[in-house]
Amino acid sequence: MAGLRVRSALLTGANRGIGLGLVKHFLQLPNPPERIFAACRDPKGERAQELQSLASKHPRNGALTSCCVDSVDVTDPASIQAAAARVTEHLKGSGLNLLINNAGIVKWNSLDTTTREEMSEVYATNTIGPLLVSQAFLPLLKKAAQGSPSSELSCSRAAIINISSIGGSIASESSWDMIQIVSYRCSKAALNMLTKCQSLGYRQHGILCAALHPGWVQTDMGSPPLTVDMSVQMMLEVFSKLSEKDSGTLLDWEGKVIPW
Ligand code: NDP
């Protein structure tokens, strides 16, 4: 973990589940980011209270680390653009090192019951959302890469991490007999392809792009064996080790490559 020296990080879906866990663990790092932008779609809502209380302990003008709660609905391009403008202003000429596209939804339908509307809704959140958020924050990521003393690809320099799922791996038949979740699987397969495209397109700008499967995690969406703390702890370890060879791959929470 000592290798992870991120000055600024932004994550979506930061108010609960894995996103909230990531914020907590970032704040506990020996070298925490100076700026954490914890984005969620309803910062004033009931479900953002724990995040708000965490952020209030790390105020905007805090000496070491600040945690700002920002408003981003990943299906709303205007909210994404507005957040990018606020973050740009807040960073005062510095870049953004790490963007984590974490927000996601699942619909528990089968091959026979999945509808057109459901396919569109899940795709809008899980695939189009990460595309638009990455586009909006690209100038800040490029700036971070250009300003870095290192020429190697890494999360400390500039990176996009898409939180994906083994359920989106075409090579794996992961849990098909138990859960079909076709819209979710298709959206994550497309997110995996987006990650590959981003890695090819953004390598020249010094930005590492990888997809990460967090494991099966006990959240509103997922179930055991992993707790949020276990998954996030291990994912941060993975972040600290990502390099050129990992860009454009799908990895699990232990850093093992998952076949597409
Ligand atoms: P949760 O359901 O606990 O949390 C989902 C988060 O996404 C919430 O913060 C939610 O916000 C946010 N979100 C949903 N839609 C939007 C939107 N339109 N705009 C902004 N935020 C949104 O899920 P997890 O924490 O378990 O999942 C996080 C990521 O990990 C997802 O991408 C998921 O696919 C992936 N994953 C999870 C696994 C698991 O076992 N838990 C397994 C594999 C992958 P709100 O409170 O406003 O709804």
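# A guided tour from Trp253 to the ligand

Begin by selecting Trp253, which sits in the segment after strand E7 (250–252). Keep in mind throughout that this is a predicted model. Trp253 has a relative accessible area of 18% and therefore counts as buried, the cut-off being under 20%. If you add Val238 to the selection, you will find that its C-alpha atom is 7.0 Å from that of Trp253, although the two residues are 15 apart along the chain.

Next, select strand E6, residues 208–213, where six of the six residues are buried, so that the strand is largely enclosed by the rest of the structure. Leu208, Ala210 and Leu212 point one way from E6, while Cys209, Ala211 and His213 point the other way. In a regular strand, side chains alternate between the two faces of the sheet. Now bring in strand E5 (residues 159–163), which runs parallel to E6 and is joined to E6 by five bridges; one place to look is Ala159, whose bridge partner in E6 is Leu208.

From there, move to the loop between E6 and helix H6 (228–241), where Pro225 is found. The peptide bond from Pro224 to Pro225 is cis, with omega near 25°. The loop between E6 and H6 also holds Asp220, and this residue leads to Arg16, in the loop between E1 and H1, 204 residues away. Asp220 and Arg16 form a salt bridge whose closest N and O atoms are 2.8 Å apart. Asp220 counts as exposed, at 64% relative accessibility, whereas Arg16, at 32%, counts as partly exposed.

Arg16 is a convenient bridge to the ligand, since you can now show what surrounds it. Which residues come nearest to the ligand? Of the 30 residues around the ligand, these are Asn15, Arg16, Arg41, Tyr184 and Thr219. Turn then to the backbone, where a polar atom of Ile18 lies 2.8 Å from an oxygen atom of the ligand, a backbone N or O atom of Asn102 lies 2.8 Å from a ligand oxygen, and a polar backbone atom of Gly104 is 3.3 Å from an oxygen of the ligand. The protein covers 97% of the 900 Å² of accessible area that the ligand has on its own.

The structure holds nine salt bridges, and two further ones are worth selecting. Side chains of opposite charge can pair when their charged atoms come close. In one of these, Glu34 is paired with Arg7, with 3.3 Å between the closest N and O atoms; because Glu34 lies in the loop between helix H1 (17–28) and strand E2 (35–40) and Arg7 in the segment before strand E1 (8–11), the pair ties together parts 27 residues apart in sequence. In the other, Glu244 meets Arg203 at 3.1 Å, N to O, and the pair ties the loop between H6 and E7 to the loop between H5 and E6, parts that are 41 residues apart in sequence.

Two loop residues other than glycine have a positive phi. Is Lys92 buried or exposed? Lys92, whose phi is near 50°, is found in the loop between helix H3 (77–91) and strand E4 (98–101), and it is exposed, with a relative accessible area of 70%. Ile181, whose phi is near 30°, lies in the loop between E5 and helix H5 (182–202), but is buried at 6%.

Finish at Tyr123 in helix H4 (residues 116–147), which is partly exposed at 38% relative accessibility. Together with Ile128 and Leu131, Tyr123 makes a nonpolar surface patch of about 230 Å².

How values were computed. Residues numbered from 1 in each chain as written. Predicted model: local features only at pLDDT ≥ 70, side-chain atom pairs only at ≥ 80, totals over all residues. Heavy atoms only, no water. Patch = residues over 30% accessible without salt bridge, like charges linked within 9 Å, V, L, I, M, F, W, Y side chains within 5 Å. Areas by Shrake-Rupley, 256 points an atom, 1.4 Å probe, with all protein chains shown as cover. Salt bridge = Lys/Arg side-chain N within 4 Å of Asp/Glu carboxyl O. Helix = DSSP H or I, 4+ residues; strand = E, 2+ residues; numbered from the N terminus. Buried < 20%, exposed > 50% of the residue type's maximum accessible area, 1.4 Å probe, protein only. Near = heavy atom within 4 Å. Polar contact = N/O pair within 3.5 Å; in protein donor to acceptor, adjacent residues only side chain to side chain. Pairing = 2+ DSSP bridges.
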